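Thanks for letting me take a look at this one. Here are my notes, set out point by point so you can follow along with the viewer open.

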Amino acid sequence: MPVLRLHVNGETVEVAAPEHWTLLEVLRYKMGLTGSKQGCDKGDCGACTVLLDGVSTLACLSLAVTAETSAFTTIEGLLPAHRADGGEGADPVQDAFDRCGALQCGFCQPGMILSAKALLAKNPDPTLQEIKQSLSGNLCRCTGYTKILDAVEYYQAGRRTGSGSA
């Protein structure tokens, strides 16, 4: 079994895993990072979303061996990264989701938050249509999406005014 050298949440780790395992399988079953959810296993639901070099990526469709040259962030890495950057409290996007009630069962939440983070890093002031497009690969069965979209807009408003959750 090959030993993979992965850069996860700001740390380099070595983990032995079969060559055919996906990044999701390595995260969950070898590293204990269960924030990325195992949903459809075919790229339809977005529950497994991680940030691979800052780009939202479906971990269930990515072989772990292909991630060795990239840095990736899981939902577990947001708070430490925020604090390392001098922030206080929760990651601002996570905080916006919490303040807006953009969660119910929580299954889709990590993927939604990471997709929103990728969008906002690339485009700090997206339109509502751009937000919808960016989150379109993430399915939610509980909230009806309104509060999720509200959370991204709440974050944007706070960023613009320097208050709130930004």
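**Notes on the predicted model**

1. Please keep in mind that this is a predicted model. I begin with the pockets, then go on to the cores, the salt bridges and a few backbone details.

2. The largest pocket has a volume of about 260 Å³. Its lining is made up of 14 residues, and Gly77, Leu78, Ala81, His82 and Asp85 are the ones nearest the centre. Two elements, β5 (71-73) and α2 (78-84), each supply at least two lining residues, and α2 gives the most, with four. Sorted by class, the lining of this pocket holds five nonpolar, six polar and three charged residues.

3. The second largest pocket offers about 220 Å³ of space. Around this pocket you will find Gly39, Cys40, Cys45, Ala47, Cys105, Phe107, Cys108, Leu139, Cys140, Arg141 and Cys142. The classes here are nine nonpolar, one polar and one charged.

4. Leu78 deserves a stop of its own. This residue sits in helix α2 and is among those nearest the centre of the largest pocket. Is Leu78 buried or exposed? Its relative accessibility is 4%, so Leu78 counts as buried. Beyond its neighbours within four places in sequence, Leu78 is in contact with Thr73, Asp91, Gln94, Ile113, Leu114 and Lys117. As a yardstick between the two pockets, take Cys140, which is in the lining of the second largest one: Leu78 and Cys140 are 21 Å apart, C-alpha to C-alpha, and 62 residues apart in sequence.

5. Two of those contacts of Leu78, Asp91 and Lys117, also pair with each other. Their side chains meet in a salt bridge, at 2.8 Å from N to O. The pair links distant parts of the chain, since Lys117 belongs to helix α4 and Asp91 to the loop between α2 and α3, 26 residues apart. Asp91 is buried, with a relative accessible area of 2%, whereas Lys117 is partly exposed at 22%.

6. How many salt bridges does the structure hold? There are four, and two others are worth a look. In one, the side chains of Asp95 and Arg99 meet at 2.6 Å, N to O; both residues lie in helix α3, four residues apart, or about one turn of the helix. Asp95 has 17% relative accessibility and counts as buried, while Arg99 is exposed, at 55%. In the other, Asp44 pairs with Lys42, with the closest N and O atoms 3.5 Å apart. Here Asp44 is partly exposed at 43%, and Lys42 counts as exposed at 56%.

7. On to the interior. The largest nonpolar core has 24 residues, and Val93, Phe97, Met112, Leu135, Ile148 and Val152 have the most contacts inside it. The elements that give two or more residues to this core are α3 (92-99), α4 (109-122), α5 (128-135) and α6 (146-161), with α4 giving the most, seven residues. Phe97 is a good place to zoom in: leaving out residues up to four places away in sequence, Phe97 touches Ala102, Leu103, Gln109, Met112, Ile113, Ala116, Ile148, Ala151 and Val152.

8. Apart from that core lies another, of 19 residues, including Leu4, Trp21, Leu33 and Ala64. A related view is the packing of helix α1. Its buried residues are Leu23, Leu24, Val26, Leu27 and Arg28, and these pack against β1, β2, β3 and β5. After α1 comes Gly32, with a positive phi near 75°.

9. Last, two backbone angles to check. Most residues other than glycine have a negative phi. Asn9 is not a glycine, yet its phi is positive, about 50°. This residue is in the loop between β1 (3-8) and β2 (11-16) and is partly exposed, with a relative accessible area of 23%. Asp41, also not a glycine, has a positive phi of about 60°. Asp41 is placed in the loop between α1 (23-30) and β3 (49-52), and its 41% relative accessibility makes it partly exposed.

Definitions and conventions. Residues numbered from 1 in each chain as written. Predicted model: local features only at pLDDT ≥ 70, side-chain atom pairs only at ≥ 80, totals over all residues. Heavy atoms only, no water. 1 Å grid on protein atoms, 1.4 Å probe; cavity = no way out; pocket = protein on both sides within 12 Å on 5 of 7 lines; lining within 4 Å. Points joined across faces, edges and corners; volume = space filled by probe spheres on them. Nonpolar A, V, L, I, M, F, W, Y, C, P; charged D, E, K, R; others polar. Buried < 20%, exposed > 50% of the residue type's maximum accessible area, 1.4 Å probe, protein only. Contact = heavy atoms within 4.5 Å. Core = buried A, V, L, I, M, F, W, Y, C linked by side-chain atoms within 4.5 Å.
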